[in-house]
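Me: Could you take a close look with me at the aromatic side chains in this protein? I'd like to start from one ring and then see what surrounds the others.
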Amino acid sequence: MVKKVLFLLLQCVAVTSLVACSNNSSLTVDKWTIAYDEQSASIDLLQGDVVVANDLYASYCNGERVVTSREYTHRSFKQSSVNDVFGAGKVFSVVYTAEGLPTLTHSFYLYPAIDYVLTDFTLQGEGEVASNYMAPVNVDSMQPIAGDNSALRMLFVPFDNDCWIRYASHPATFVSLTSYEVTAMFNNDTRNGIIVGSVEHDNWKSAITVTCDTLNNTFASMRCYGGVADSLTRDSKPHGTLKGASIKSPKVMLGSFADWRDGLDTYGEANALIAPPKAWNKAVPFGWNSWGALQFDLTYEKAIEVSDFYRDHLQCNNFHNADTLVYTGLDSGWNSFTEDQLRAFVERCKANGQVAGIYWTPFVHWGRNPRQYIEHGEGYQFKDVYLYANGKHQTLDGGRAIDPTHPAIEATMKYFSDLFTRLGYEYVKLDFMTHGAMEADSWYLPEIQTGIQAYNYGLKLIEKYFGHMYINFSISPAFPAQYAQSRRIACDAWNKIKDTEYTLNALSYGWWLDKPYQFNDPDHIVLRDATEGENRARVTSGVITGIFICGDDFSAGGAEVDKERAKKFLTNADVISIANGVSFRPVEGCGERSENQFIRIEDDNTAHYAIFNYTDQPLDATIDMQRIGLDAEAAYTLRELWSGVESEATGSFQVSVPAADVALFRIVKK
């Protein structure tokens with residue numbers, strides 16, 4: 001291994017501009033060196049003098065057999081220039097050929113001053129080629145990450161946010177672990193880490209499977225591939241097969257970072273370069289959603305009373321966004337209103353300085369009769385639009401999955417878009433989106449080959465018909481992200497400290513999703529039937545996630561104690577001002593379930609720091625300034641924003657958090 005590294009370093013001298021080596025089987029761009037190793041028939045990737053990946057190769061399914069690029073008998077090399085959303089760079093390609101196999105072209109995209117490379121591969125044959133599994137990154141022997149092995153972690157990132165699924169930070173003691181779309185492998189003490197994940201989400205559901213050497217608690221092997229379909233992608237049949245004269249794997253980011261958190265931020269930014277977030281030129285949404293407390297008890301009269309409560313008691317006392325607006329949303333149950341009531345609610349909201357929101361589930365049928373005709377569906381029955389797997393309709397969360405490519409679904413979208421627009425609604429929450437991404441026996445459109453292709457088709461229709469509205473995804477896959485301004489970062493959460501902890505599990509390891517989306521949404525903030533400490537914690541979980549939607553019953557029949565709590569906890573100007581749409585990120589990455597410390601350093605070097613206590617016992621802690629990202633030598637003024645208590649500190653500070661509560665600080669350098 002040492003000889004191989006020395007050989008590579010002697011082949012090319014890394015400089016601070018683009019340089020192509022004289023030997024076209026290797027290439028150096030800035031700090032990155034990539035070289036083909038004849039002995040192992042694979043790729044070596046170095047960042048400076050550090051080996052990031054050794055003996056990397058591609059693999060794919062060819063019928064029932066997995067073929068690797070190392071099996072090919074002939075290879076040639078190409079180098080070319082590229083100028084795309086990532087900047088000006090170089091492409092290093094290995095072209096593999098062999099009798100009886102499609103041509104495999106494995107490409108690596110290198111850019112100066114970027115801490116990652118991108119890679120993908122294509123398959124091309126004389127006739128049609130087909131595969132439902134393509135893995136651009138296979139590494140059979142992982143390189144060590146600096147630091148003690150006991151601090152090694154791998155992140156599990158879920159495909160979607162359904163069924164109260166959780167992110168997780170796993171020590172390197174597992175046999176095999178699969179994460180969806182992206183993962184981080186890192187040392188929590190040193191924070192050094194490797195980030196690998198797909199940055200394209202048009203054709204494939206992608207995953208990363210890592211194995212460990214459990215004797216030494218180190219990472220052993222890793223593969224990143226398109227073609228995952230299992231219970232956690234909500235599928236009951238294999239991933240669809242791409243077919244054509246040429247097919248391409250997902251493009252994958254592979255990077256080495258001094259801080260794994262920077263790496264995940266960078267991953268989010270890379271996705272946003274390829275598919276920019278849906279535009280939003282207004283202030284961060286603040287407001288109310290009926291599902292938190294009222295749910296199916298929602299009535300027109302109660303909705304009007306809630307709107308008036310906000311006008312009279314909250315909007316006039318700091319609870320509003322920078323546009324001095326509140327978004328007031330009708331969730332499931334709004335269809336009990338008459339059209340006149342729906343219109344009158346919008347008018348009342350406007351009169352109260354509010355924006356009216358509404359709710360819809362485009363890809364799911366909640367009925368049980370497959371022969372029921374689809375209202376506004378051009379004469380089709382629901383059996384005509386179900387997504388079938390192995391001949392059976394598919395059910396998730398009690399609803400049957402619908403084909404997003406069917407013309408009856410587009411007709412239904414057009415109807416509801418026209419209705420919402422005509423009545424004046426400007427915000428729509430779209431729920432149970434995962435149903436539209438399921439793998440199926442077939443789709444209405446024959447050119448659709450995979451669940452994600454069908455989902456993208458449906459989302460383009462959403463953009464066509466609802467794109468003029470603010471779109472919030474509720475239950476949905478994390479990707480693709482460019483069709484909605486915000487997405488619920490987790491599944492439903494309500495009022496207790498366990499709900500705060502569950503929401504913050506997703507923020508702990510998914511905060512970076514505010515890069516491909518405009519905002520992360522922490523779900524409705526509910527205050528009722530909880531302690532004041534739990535109220536502070538739940539509100540804080542909202543403001544540090546990014547936007548702020550409440551969910552209590554503030555109608556005339558709602559409990560007075562809940563209204564008094566709202567006046568107390570939703571009007572703290574120091575706290576509310578933190579919700580600017582930018583998520584806090586975790587201080588650590590080794591929580592058994594969730595992290596409890598979060599930090600955001602502002603552009604003016606002011607910091608906001610939150611520490612939660614999820615337990616039923618008081619928490620006393622010493623906080624190291626340097627560890628949370630501040631200057632260990634500087635003097636700081638601290639203000640705890642819930643109590644208003646001020647203090648000063650240098651190097652570290654003490655904090656005490658009561659059971660099921662939070663402390664939230666503004667930290668200013670003196």
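Which residue lies over the face of Tyr109, and at what distance from the ring centre?

Reply: Happy to. This is a predicted model, so please take all of the values below as computed from it. The residue you are after is Lys251, which lies over the face of Tyr109 at 4.0 Å from the ring centre.

Tyr57 offers another case with a charge over a ring. Here the charged end of Arg70 sits over the ring, 3.8 Å from the centre of Tyr57. Tyr57 also has Thr68 as a neighbour: once residues within four places in sequence are set aside, Thr68 is in contact with Tyr57, Ala58 and Ser59. Thr68 belongs to strand β6 (residues 65-68) and is buried, its relative accessible area being 14%.

Now for rings that meet other rings. A pair of aromatic rings is described by the distance of the centres and the angle of the planes. Searching the whole structure gives 42 aromatic pairs. One of them is formed by Trp280 and Tyr470, which meet edge-to-face with 4.7 Å from centre to centre and 80° between the planes. This pair links distant parts of the chain, 190 residues apart: Trp280 is in the loop between α2 (260-274) and β21 (286-289), while Tyr470 is in strand β30 (residues 470-473). Trp280 and Tyr470 are both buried.

Trp334 and Phe420 make another edge-to-face pair, with 5.5 Å between the centres and 75° between the planes. Trp334 lies in the loop between β22 (326-329) and α4 (339-351), and Phe420 in helix α5 (residues 407-423), so this pair ties together parts that are 86 residues apart in sequence. Trp334 and Phe420 are buried as well. They also belong to one aromatic cluster, together with Trp360, Tyr415, Phe416, Tyr425 and Phe466.

Several of the elements just named meet again in a sheet. It is an open sheet of eight strands, paired in parallel, and its order is β32-β31-β30-β29-β23-β22-β21-β33. At the edges stand β32 (519-521) and β33 (548-550); each has a single partner strand, so one side of each is left without a neighbour in the sheet. From one strand to the next, the twist averages 25°. At the β33 edge, three bridges join β21 to β33, and the two run parallel. An aromatic residue takes part here too: Trp288 has Cys550 in β33 as its bridge partner. Helix α5, the one that holds Phe420, lies across β23 (354-360) and β29 (427-430) and runs at about 160° to β23.

How do these rings fit into the interior? In soluble globular proteins, nonpolar side chains tend to be buried together. In this model, the largest nonpolar core has 139 residues, and those that touch the most other members are Phe319, Phe420, Tyr425, Phe466, Phe473 and Leu570. Phe420, Tyr425 and Phe466 are thus familiar from the aromatic cluster. Leu570 has aromatic company of its own: apart from neighbours within four places in sequence, it is in contact with Leu314, Phe319, Leu527, Val539, Phe548, Cys550, Phe554, Arg565 and Ile576. Another core lies apart from the largest one, with 52 residues that include Tyr72, Phe77, Met222 and Val252.

One more buried spot is worth a visit while you have the structure open. Met438, in the loop between β29 and α6 (451-466), is buried, with a relative accessible area of 2%. Leaving out residues up to four places away in sequence, Met438 touches Lys205, Arg234, Asp235, Leu387, Gln394, Leu396, Ala401, Trp443 and Gly451, so an aromatic residue, Trp443, is on that list too.

Two of these contacts lead on to a further sheet. It is an open sheet of three strands in the order β24-β28-β27, with antiparallel pairing. Its edge strands are β24 (364-365) and β27 (395-396), each of which pairs on one side only. Strands β24 and β28 (residues 399-401) pair in the antiparallel sense over two bridges, and His365 stands opposite Arg400 in β28.

Conventions: Residues are numbered from 1 along each chain as its sequence is written. This is a predicted model: local features need pLDDT of at least 70, side-chain atom pairs count only at pLDDT 80 or more; totals for chains, interfaces and linings use all residues. Side-chain values use heavy atoms; hydrogens and water are left out. Rings of Phe, Tyr and Trp (its six-membered ring) pair if their centres lie within 6.5 Å; planes under 30 degrees apart count as stacked, over 60 as edge-to-face and the rest as tilted. Helices (H or I, at least four residues) and strands (E, at least two) are DSSP runs, numbered from the N terminus. Buried means under 20% relative accessible area, exposed over 50%, partly exposed in between (1.4 Å probe, protein chains only). A charge sits over a ring if NZ of Lys or CZ of Arg is within 6 Å of the ring centre and within 35 degrees of the ring normal. Contact means heavy atoms within 4.5 Å. Two strands pair if DSSP finds at least two bridges between them. Axes are lines fitted to C-alpha atoms, for helices over the stretch in contact, and angles run from 0 to 180 degrees between N-to-C directions. A nonpolar core is a set of buried Ala, Val, Leu, Ile, Met, Phe, Trp, Tyr and Cys residues joined through side-chain atoms within 4.5 Å.
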